[in-house]
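Subject: Structure handover and findings

Dear colleague,

Please find below the structure that I am handing over to you. My notes on what was found in it follow directly after it.

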Amino acid sequence: MADFQKWRRSESAQGLFLISPTLGFALLLLAVPLIMVVALSFWTQDYLTLDRTFTTANYQTAWTEPMYQYLMARSLKISIFVTAVTVLVAYPVAYFISFHVAPKRKAMWIFLITIPFWTSYLMRIFLWKVILGYNGVINGTLTGLGIIDEPLSFILYNQNAVVITLAHAWIPFAILPIFVALERVDRSLIEAAEDLGDSGLRRFFRVTLPLSMPGVIAATIIVFIPTIGDYVTPRLVGGPNGLMISNMIELQFKKANNAPLGAALAISAMGIVTFFALVFLWMNRKYVRGPS
Amino acid sequence: MTQKIIRLSKLDKFYGEFQALSQINLDIQTGEFFSLLGPSGCGKTTLLRAIAGFETLSSGSLHIDGVSMDGVPANKRPTNMVFQSYAIFPHMSVAENIAYGLKARKLPKAEIKASVAEAINMVGLEGFDDRASHALSGGQRQRVALARALVLKPRVLLLDEPLSALDKKLREQMQSELRRLQRAVGITFVLVTHDQEEALTMSDRIAVMFDGKIEQVASPQILYGKPSNRKVAAFIGMMNFLDAKVLTTSGDNVEVEVQSLGKLTLPLAQATGGLNGCNSVGVRPEMLTILMGSQTSEREIEAEVTEVYYYGDMTYYDVKLPAKEDPITVTMRNTAGREVLEVGAKARVGWSTSSLLLLK
Ligand SMILES: Nc1ncnc2c1ncn2[C@@H]1O[C@H](COP(=O)(O)OP(=O)(O)OP(=O)(O)O)[C@@H](O)[C@H]1O
Ligand SMILES: [Mg+2]
């Protein structure tokens, strides 16, 4: 009882009290639907009615049926690819802004990078369709120049198109955390590395990169988690071979009329994402703490 | 035979319009403990960084060990630096920090291990090998920075105010340790400091800098005893100044008219910076005496005590001379039987012509 009194007056209790309206709202919008989906995944669809007896059959199907395994693996592969491309492109940009742009212009550069967000994501996807399409900008240019005879077909309606479109969409989100991490790298450490005899490339790999790893890991999490469940991009530019797990989840909920299986697939995907997120967080802790 | 290890000539450094260093000519001898001393913003760090290779010269030349450093990047110079912030790598342990430069040289593992152990011993950090660098105190970080640089056996060790972040006691301890270390390894040390006491106690020679220019380069005794101009004299220790006018010179002597003291003949050698432009006479407070009872002195002058600062072992008096508005300072050791005067008391101040410096 005394403990409870003490707790009520503590800072954390007051904090909890202050955020409770928002917390309630978030719970309502996030936790409740989530609980419903979890519940749904343990039920069975019986034509138009739901059979609410507990069963793990949906999960068995989700994890054993080759098609679902295959789609899950493809989603993972695509998002790993997107993450790698995004981080690899974002890092040099962030590095350039942090190290080679005059301090008073940095804010402007960061601002310029957000310009793509002034148009909706759908617009940007359609633009990519225009660029990558059969009669699109790239093919038009290449055929016009006589470099190719027939338009390239491998650049739209497949996994490459999904990777390109998603990477383009996420690069700004990856640049920001990497930029912030690079800004926090004490420049005298890099000078110390030079003073101790390291050339430019070696001091990058021994000092700058390790010290900016928290930013790289943050960028990885930010890109990886949403892309694995992306639905719009594969739907619009993926073609039949570029479809991902979320497209299958939609199919189950709608055309296949098997919401419980869709729910089981969704929860399974969430589980996998959670696993990866935990791995990244663990890596981040290692870097933030330094050697023990 | 002493040799010059660092040779700077006609060195200029501009930051845009601003001239941070102007016409620096300086020779540093092999194996000496050399200090760059000057007030904040005078260009000490800039000069040190120019030697290390972190600042490009606007003009002039820099030779280390007889080799021109023009176009030689910092990682190829035979110098190492102890940074003011120490710049300890936060993602590495103490031993990894110290091994950093050895690894950059791609030495064999066993050799690296042995050198690191030796360096850790040298700076007294035994048992700290695996300690994370963020779990070190200021003094320990400083030792890591020292070991990390010294383990590479540089020809010159550059230190940028390495002690300014430490508290007084630790600073004094590190001062004597640095001096001991320098003697032991025999490496040339170039120390930047704005603390004149630190420079005087530690250095073989000191360069005094103001506004990007070197005013005087000399040993601590000469710098204190024979400063070459009024600026240096005022910066190093305390100095009383009296207006003076040069009347005539004859042979090795010069005749001057000094405020309050009257017409005097001084040896030319006491015009330490040359006779040209001399307009004041300087005298250190401890060169003056407050005469008691029947005590006499070569010369004496009547004065009035305007302020008394009692320090226990010493008493500092501000006394007003006739025909001089601002009081001058006299410091007296409180030896047995010496009474401490009170404000307003009349005092006889003893002085001698040999303790006067003719300055510009
Ligand atoms: N990168 C720079 N750009 C422009 N001006 C600079 C730059 N670095 C230094 N300065 C200027 O050059 C002058 C000398 O700087 P420096 O850092 O060498 O001073 P310092 O003698 O080391 O002073 P402190 O004792 O405060 O460290 C200062 O007036 C400073 O403002
Ligand atoms: Mg400085």
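**A loop residue in chain A**

N257(A) is in contact with Q45(A), Y47(A), L251(A) and Q252(A), leaving aside residues up to four places away in sequence. Please bear in mind throughout that this is a predicted model. N257(A) and L48(A) are separated by 209 residues in sequence, yet their C-alpha atoms are 8.6 Å apart in space. The loop that holds N257(A) runs between α12 (245-253) and α13 (259-289) of chain A.

The backbone at this position also deserves a remark. Most residues other than glycine have a negative phi. N257(A), which is not a glycine, has a positive phi near 55 degrees. Is N257(A) buried or exposed? The relative accessible area of N257(A) is 37%, so N257(A) counts as partly exposed, the class between under 20% for buried and over 50% for exposed.

**Chain A as a whole**

Chain A contains 13 helices and two strands. Its radius of gyration is 24 Å, well over the 19 Å that the globule rule gives for 292 residues, so chain A is more spread out than a compact globule. Taken along the principal axes, the C-alpha atoms of chain A fill a box of roughly 80 × 70 × 35 Å.

Of the 292 residues in chain A, 40% are classed as buried. The exposed area of chain A is about 16900 Å², and carbon and sulfur atoms supply 71% of that area. When contacts in chain A between residues at least 6 apart in sequence are considered, 68% join residues at least 24 apart. Chain A carries 22 positive and 15 negative charges, and the mean positions of the two sets are 5 Å apart.

**Chain B as a whole**

Chain B has eight helices and 20 strands. The C-alpha trace of chain B spans about 75 × 45 × 40 Å along its principal axes. Of the 360 residues in chain B, 49% are buried. Its accessible surface comes to about 16500 Å², with 50% belonging to carbon and sulfur atoms.

Among contacts in chain B between residues at least 6 apart in sequence, 66% link residues at least 24 apart. The 41 positive and 40 negative charges of chain B have mean positions that are 7 Å apart.

**Strand β6 of chain B and the loop after it**

Which way do the residues of β6(B) point? T79(B) and M81(B) point one way, N80(B) and V82(B) point the other way, and all of them are buried. This may be read beside the general pattern: in a regular strand the side chains alternate between the two faces of the sheet. β6(B) runs parallel to strand β7 (residues 156-160) of chain B, and four bridges join the two. Within this pairing, M81(B) stands opposite L158(B) in β7(B).

A87(B) belongs to the loop between β6 (79-82) and α2 (94-104) of chain B. Although A87(B) is not a glycine, its phi is positive, at about 50 degrees. A87(B) has a relative accessible area of 3%; because this is under 20%, A87(B) is buried.

**Two antiparallel pairs in chain B**

Strand β9 (residues 205-210) and strand β10 (residues 213-218) of chain B pair in the antiparallel sense over five bridges. These strands, β9(B) and β10(B), form a hairpin with two residues between them, and D211(B) in the turn has a positive phi of about 45 degrees. V208(B) has Q216(B) as its bridge partner in β10(B).

In the second pair, strand β17 (residues 314-320) of chain B and β18(B) run antiparallel and are joined by six bridges. The bridge partner of Y317(B) in β18(B) is V330(B). Strand β18 (residues 328-333) of chain B is mostly covered, with five of its six residues buried.

**Helix α1 of chain B**

How many residues of helix α1 (residues 44-52) of chain B are buried? Eight of its nine residues are buried, so that the helix is mostly covered. The buried residues in α1(B) are K44(B), T46(B), L47(B), L48(B), R49(B), A50(B), I51(B) and A52(B). After α1(B) comes G53(B), whose phi is positive and near 105 degrees.

Yours sincerely

How values were computed
Residues are numbered from 1 along each chain as its sequence is written. Chains are lettered from A and ligands numbered from 1 in the order in which they are written. Side-chain values use heavy atoms; hydrogens and water are left out. Buried means under 20% relative accessible area, exposed over 50%, partly exposed in between (1.4 Å probe, protein chains only). Two strands pair if DSSP finds at least two bridges between them. The radius of gyration is taken over C-alpha atoms; the globule rule is 2.2 Å times the number of residues to the power 0.38. Contact means heavy atoms within 4.5 Å. Accessible areas come from the Shrake-Rupley method with a 1.4 Å probe; for residues, only the protein chains shown count as cover. Lys and Arg count as positive and Asp and Glu as negative; His and the chain ends are not counted. The place of a charge is taken as NZ of Lys, CZ of Arg, CG of Asp or CD of Glu.
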